[in-house]
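Work through the exercises below with the sequence and the model open. Each task is followed by a solution in steps.

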Amino acid sequence: MLVYLQMIETQEEKTKFEQLYFEYRGLMFYIAESILHNERDAEDVVHDAFVSIAENIAKIGDPVCPKTKAYVVTIVERKAIDVYRRECRRFETSKRKTRLS
């Protein structure tokens, strides 16, 4: 978590981020893992999501509210879907190369 906190300037925003981190990290991992079915990729997605949250922490009001939860869920879902699509494209590309060989 220290990496994320170094990205944030004010103590108030650091405290807000800590609350977000401890409140939603389990949910975020669950969502990412349910989309990707891969623990390692899910961990990477959660990390990327927290980087995005740290970069946009000033836009977040109350750290524990339905609006913030929806924001966090949306970020992690989109990042997981991006990884899923990238993996599908990579699989399709390698499949085509195998057929052509």
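**Exercise 1. Place K16 and describe its charge surroundings.**

Step 1. K16 is found in helix α2; helices here are DSSP runs of H or I with at least four residues, strands are runs of E with at least two, and both are numbered from the N terminus.

Step 2. The model is predicted, so local features need pLDDT of at least 70 and side-chain atom pairs count only at pLDDT 80 or more, while totals for chains, interfaces and linings use all residues. Residues are numbered from 1 along each chain as its sequence is written, and side-chain values use heavy atoms, without hydrogens and water.

Step 3. K16 is buried, where buried means under 20% relative accessible area, exposed over 50%, and partly exposed in between (1.4 Å probe, protein chains only).

Step 4. K16 has no salt bridge, a term for a side-chain nitrogen of Lys or Arg within 4 Å of a carboxyl oxygen of Asp or Glu. The nearest side chain of opposite charge is E12, 5.2 Å away; Lys and Arg count as positive, Asp and Glu as negative, and His and the chain ends are not counted.

Step 5. Apart from neighbours within four places in sequence, K16 is in contact (heavy atoms within 4.5 Å) with I57, I60, G61 and P63.

**Exercise 2. How many salt bridges does the structure hold, and which side chains meet in a salt bridge?**

Step 1. The count is one.

Step 2. The partners are R90 and E87, at 2.7 Å from N to O.

Step 3. Both residues lie in helix α4 (residues 66–100), three residues apart, or about one turn of the helix.

Step 4. R90 counts as exposed because its relative accessibility is 55%. E87, with a relative accessible area of 30%, is partly exposed.

**Exercise 3. Describe the largest nonpolar core and the surroundings of F50.**

Step 1. A nonpolar core is a set of buried Ala, Val, Leu, Ile, Met, Phe, Trp, Tyr and Cys residues joined through side-chain atoms within 4.5 Å. The largest has 27 residues, and F17, M28, F50, I53 and V76 have the most contacts inside it.

Step 2. Helices α1 (2–6), α2 (11–36), α3 (39–55) and α4 each supply at least two residues of this core.

Step 3. With neighbours within four places in sequence left aside, F50 is in contact with Y4, F17, Y21, R25 and M28.

**Exercise 4. Is I75 buried or exposed, and which residues does I75 touch?**

Step 1. I75 is found in helix α4.

Step 2. I75 is buried because its relative accessible area is 13%.

Step 3. Not counting residues up to four places away in sequence, I75 touches A49, S52 and I53.

**Exercise 5. Follow the aromatic pairs of Y4.**

Step 1. Rings of Phe, Tyr and Trp (its six-membered ring) pair if their centres lie within 6.5 Å; planes under 30 degrees apart count as stacked, over 60 as edge-to-face and the rest as tilted. By this rule there are seven aromatic pairs.

Step 2. The ring centres of Y4 and Y21 are 6.3 Å apart and the planes stand at 45 degrees, so this pair is tilted. The pair links Y4 in helix α1 with Y21 in helix α2, 17 residues apart.

Step 3. Y4 and F50 also form a tilted pair, at 5.6 Å centre to centre and 40 degrees between the planes. Here Y4 in helix α1 is linked with F50 in helix α3, 46 residues apart. Both Y4 and F50 are buried.

Step 4. Y4, F17, Y21, F22 and F50 form one aromatic cluster.
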